[in-house]
Amino acid sequence: MKRRIELLAPGGDIDSIRAAIMAGADAIYCGLDRFNARNRATNISFEDLNGVIHLAHGHDCKVFLTLNIILVGSEIPALVKLLNQLVNTGIDGVIIQDLGLFYLLSTYFKRLEIHASTQLNTHNEGQIKFLSRLGASRVNLARELNIDQIRSLTLAAHKKNMLTEVFVHGSYCLCFSGICYLSSVQGGNSGNRGRCSQPCRDRYVTTPQGKDFPLNLKDNSAYFDLRELADAGVASLKIEGRIKKFDYVFTVVDCWKKQLNRFYTHKRLSTDTRELYKVFNRDFSNGYLKGDINKQMFIDNPRDHSIKQFVGIDENSKDQKRVQDKIEYYQDKEDIITRVKQKIKKLRLAKIPLTISISGKVDTPLTISIKTPDTSFLLFSKTNLVTIKNRATSLTHNFLLARLSAVNDTAYYIERLDVENLGPDLFISFKELRAIKKKCLSCLTGLKEIYDPIEVPRLKKAPPLKRKPALGILISSPKDIHLCTGTCAKLFFQLPNCFKNEISGLISLFLDNPHLTPWFPSVLMGETYGAATKFLEQVKPGRIVTDNTAIAYEAFKRGIPWIAGPYLNMVNSFGLLCLKERFNCYGSFISNEISKDQIKRIVRPENFNLYYRIYHPILLLSSRQCLFHQVIGCEKDRMDEDCIQDCQKSSVITNLKKEPLFIEKTKGNYPCIYHHHHFLNTDIVGDIPDIFSRFFIDLRDIKTQTTMEMDKSEEMNKSGIIRLFENFLQGNFDFQKQLQQKIHPTSNIQYKKGI
């Protein structure tokens, strides 16, 4: 095989990075102590980063920096400062999620190569096109895809000069990435901020199926599927594990590197996984990759499974032979740690000392000699030195040391600055000194060009809206189409995740009810994406809402006004500007994850509408896996197309705080988990006036503990609730108290805490 596939390893700390390099990784992804989606990892400082880059590049290993979180407005100045530093490092790429960061990079920091994070949940061809327009050169595909889908999307990416990478080993997420709010809602630790506390791994009250960890999946491993991934054209194989220790990283990378080398050399693969089982694992599955989404993908224990693989018993067993096996197992683990420690000691990350000698006299160029332990080079000024009487700007030792201090921000540091051969009272222009400094940095970092800091312009705030916000109503059943009769509210209809079999009926529904606005879901896999584009072509809606960027792209290409849905996670002004300028977006929902103060920092672009959901069931996660296997059981062992299209079922699990989580599966949709209370936030109407064009209420029939109680004299619940919300939005705040009395219990914890 001529084409070499990149082996991409995690680097949660310096030791893990060194372990990955020693094990033969082709690239490493790591995060700084801010702006990355593994805040639970140790991470590295910016001061360490240049040393990491220098060390990795010296071993033919690339370094990608993770900046893959959503960013609130208060963080943008610090982010811009960081980007100004990053462009002058040798970083090989940045991995990102936030659309505002896409905008900043593609507009102001074009040297930095953009990789789209798995947090963007890329699972169809239209999303590839969307990301290509934003300047992405690589995309990490959704973990739920099977090999045929990976092959198809890789081909689509190649047509856009993009590469694909796939997670091949490590933790599975139960949910679709980027649209999981379980940790955020329950504990204030947003997965979109890298703070996921993994409540899906928690213990719950024992289910009717006898499971204590009903949401816990085995680990992913495609160790035996290398040939299929290579044939699919995948460019990079990504190992999960930035909160794993160095011995884990070394062992897994080493196993995969050997597997790749066997494949390149002998065209065959090893079937021996003993080494992989010696480090942390929850047992392994390749169910998603094989398209076999079965109940064997679950394991009722989130802890390390490796001891059971080698001893085959519960750790409390008293059997002598098995106790001896355990002793040998733990000794083997200690041996691995000791062996890897010895290996990584050989790699030093210390900064490299420089000796800089500066010489020159009147009417000659300034000469700078730079020596490192490995090499040396000379630099000369383009203009000659002149005398100067103002000693404050003469070329003294301290003056030159300050002007060259940027060298200390690289993998090098100035150990000695020698000016003995520099004449007294000499001067050269600041412009010439900057040019010399840039040449020096270019030689040390290997960059062709050193960039001056960019100041991102402040965004112009749109004038306040003069009209009161209107009401929007979300439904998902044709029986609710009558609800807006006699009101000024606008009706929006939620399309299912999988509607390829229902496309004709849905097209007829919207053609017969042109006042309905279609709302596209977050996940549109396979043939459903094609059905969605067919829907747009035939219905030609006057406006749409979409939580899927593929439909955003299709609407943009067709000239259909479109609104970015709440699950696109819009939380900052540059993200809104990105949607408006790059995709002619009509307006956007603001994420319900952020607080009042965080919303207030958002600058609404001119001629752009903002929306917010003030009442809705709180989605915690949605999954491609069946969530009933471990809870109430199912007659089927695995998910298939009929399950998605036809299954309609609900259940409840309860955490150890005695809080229920509502599991809901409706026809045409993936299984979802909802919070036990609906979200109700009427405060925002008075707190943040004049920026929202419309507030939304979600009246889909999703059961939680929240109920709507109306008087006997009033019409049925939904119509009565609509009237209360309409009156409230018209400025009659007496109705706010009524809403809070009639809809209960509810929560607006995210509006108070934010992310």
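How many aromatic pairs does the structure hold? In this predicted model, the structure holds 27 aromatic pairs. I shall present two of them, then a cluster, and finally two contacts between charges and rings.

The first example I have chosen is formed by Phe493 and Phe510, an edge-to-face pair with 5.7 Å from centre to centre and 90° between the planes. Phe493 belongs to strand β18 (residues 490–494) and Phe510 to helix α16 (residues 503–512); the two are 17 residues apart, and the pair links distant parts of the chain. Are these rings buried or exposed? Phe493 has a relative accessibility of 3%, and because buried means under 20%, Phe493 counts as buried. Phe510, with a relative accessible area of 3%, is buried as well.

Let me turn to Phe589 and Phe696. Their rings form a tilted pair, 4.8 Å centre to centre, with 55° between the planes. Phe589 lies in strand β22 (residues 587–589), whereas Phe696 lies in strand β29 (residues 692–698), so this pair ties together parts that are 107 residues apart in sequence. Both Phe589 and Phe696 are buried.

Which residues join Phe589 and Phe696 in one aromatic cluster? The other members are Phe492, Trp519 and Tyr611.

I close with the charged side chains. The ring of Tyr586 has the charged end of Arg543 sitting over it, 3.9 Å from the ring centre. Likewise, the charged end of Lys244 sits over the ring of Tyr248, at 4.9 Å from its centre.

How values were computed. Residues are numbered from 1 along each chain as its sequence is written. This is a predicted model: local features need pLDDT of at least 70, side-chain atom pairs count only at pLDDT 80 or more; totals for chains, interfaces and linings use all residues. Side-chain values use heavy atoms; hydrogens and water are left out. Rings of Phe, Tyr and Trp (its six-membered ring) pair if their centres lie within 6.5 Å; planes under 30 degrees apart count as stacked, over 60 as edge-to-face and the rest as tilted. Helices (H or I, at least four residues) and strands (E, at least two) are DSSP runs, numbered from the N terminus. Buried means under 20% relative accessible area, exposed over 50%, partly exposed in between (1.4 Å probe, protein chains only). A charge sits over a ring if NZ of Lys or CZ of Arg is within 6 Å of the ring centre and within 35 degrees of the ring normal.
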